[in-house]
Amino acid sequence: MSNQKGGVGKTTTSVNLAAALSMHGQRVLVVDLDPQGNASTALATDHRAGTPSVYQVLVDDLALASIVKPVPDMPGLFCAPATLDLAGAEIELVPMVGRETRLKRALAAFESMEFDYIFIDCPPSLGLLTVNAMAAAQEVLIPIQCEYYALEGLSQLLQNVELVRVHLNQTLALSTILLTMYDGRTRLASQVADEVRSHFGDTVLDSVIPRSVRLSEAPSYGQSVMTYDPGSSGAMAYMEAAREIAYRAATVADGS
Ligand code: ADP
Ligand code: MG
């Protein structure tokens with residue numbers, strides 16, 4: 001889940017898609033790669049200073065399995081928490097051997113836990129943490145906020161995806177774009193949506209995430225919106241987006 005803009009819905013999307021898929025019986029891991037630890041908070045996973053986290057996995061070669069925690073009351077959903085230390089990793093990784101592929105190696109050594117989906121929630125930058133995510137991932141999902149300036153910075157993001165593809169991860173696919181914070185009452189939102197669809201075609205999910213106060217309230221209760229308010233427009237939209245993503249994965253697996 002990547003977009004170097006902050007506040008576009010990366011974390012909200014990671015947490016709620018992961019919750020939705022786990023509620024349909026999938027085993028899902030959210031790797032929190034943002035030092036702010038918002039995904040860890042939303043998934044009620046301890047990330048106070050001193051908690052073993054993704055930081056130790058990247059910098060000290062701690063096994064990923066030792067930091068992954070089950071999310072309370074959400075069978076099948078797991079979180080690898082981020083602590084504030086991770087802010088330092090961006091610099092501490094620079095002189096390290098294999099600095100771009102440390103997350104990839106950590107995930108590869110972890111296959112025994114057999115997840116159906118792993119979501120990596122990126123920080124709002126295109127630094128080494130995001131490069132680690134792109135080097136480890138099969139797909140990039142970009143949330144785009146339906147606001148003015150939404151497309152600014154997107155070409156830089158796409159260029160980064162391309163660089164990672166050429167140098168680190170040849171099979172990386174920009175598979176999915178999700179329109180977030182859509183306000184159907186404004187013409188601007190529909191203009192942004194039309195523009196994104198005309199540029200990116202089928203990469204853009206049909207499902208659109210509306211603006212919904214419930215989505216912004218849920219994290220303060222350590223919950224996804226799926227359990228906080230399952231009937232809300234935000235919950236239903238993420239459920240639908242999860243269904244679309246699962247369907248795409250199934251048709252790719254079939255070759256159909
Ligand atoms: P990012 O991870 O890209 O920085 P977040 O997912 O943290 O973005 O979202 C930024 C803020 O907007 C958060 O306070 C979040 O609760 C809120 N938010 C995200 N999506 C929505 C939405 N669809 N409707 C209303 N608020 C949202
Ligand atoms: Mg975030």
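## A tour of the ligand 1 site and its surroundings

Begin by selecting ligand 1, which sits in the second largest pocket. The model on display is a predicted one.

Next, colour the secondary-structure elements that contribute to the surroundings of the ligand. Those that give two or more residues to the shell around ligand 1 are helix H1 (10-23), strand S7 (204-210) and helix H9 (213-217). Of these, H1 supplies the largest share of the shell, with three residues.

Now display the shell itself as sticks. There are 14 residues around ligand 1, and those that come nearest are Gly7, Thr11, Thr12, Pro210 and Ser212. Sorted by class, the shell consists of seven polar, five nonpolar and two charged residues.

Three polar pairs merit individual inspection.

- Select Thr12: an N or O atom in its side chain is 2.5 Å from an oxygen atom of ligand 1.
- Select Gly7: here a backbone N or O atom lies 2.7 Å from an oxygen atom of the ligand.
- Select Ser212: a polar backbone atom of this residue is 2.9 Å from a nitrogen atom of ligand 1.

With these pairs in view, switch to a surface representation of the ligand. On its own, ligand 1 has 560 Å² of accessible area, and the protein covers 78% of that area.

The tour then moves to an annotated span. Select residues 1-173, to which an unreviewed UniProt entry assigns the annotation "domain: AAA". Within this span, 36% is helix and 14% is strand, and its end C-alpha atoms lie 12 Å apart.

Two backbone conformations complete the tour. As background, most residues other than glycine have a negative phi. Which value does phi take at Asp61? The angle is near 60 degrees, a positive value in a residue that is not glycine. Asp61 is placed in the loop between helix H3 (54-60) and strand S2 (69-70).

Finally, centre the view on Met181, which is found in strand S6 (residues 173-182). Although Met181 is not a glycine, its phi is positive, at about 55 degrees.

Note on methods
Residues numbered from 1 in each chain as written. Chains lettered and ligands numbered in written order. Predicted model: local features only at pLDDT ≥ 70, side-chain atom pairs only at ≥ 80, totals over all residues. Heavy atoms only, no water. Near = heavy atom within 4 Å. Polar contact = N/O pair within 3.5 Å; in protein donor to acceptor, adjacent residues only side chain to side chain. Areas by Shrake-Rupley, 256 points an atom, 1.4 Å probe, with all protein chains shown as cover. 1 Å grid on protein atoms, 1.4 Å probe; cavity = no way out; pocket = protein on both sides within 12 Å on 5 of 7 lines; lining within 4 Å. Sits in = over half its atoms within 2 Å of the grid points. Helix = DSSP H or I, 4+ residues; strand = E, 2+ residues; numbered from the N terminus. Nonpolar A, V, L, I, M, F, W, Y, C, P; charged D, E, K, R; others polar. UniProt positions renumbered as here; feature names shortened; annotations may be inferred.
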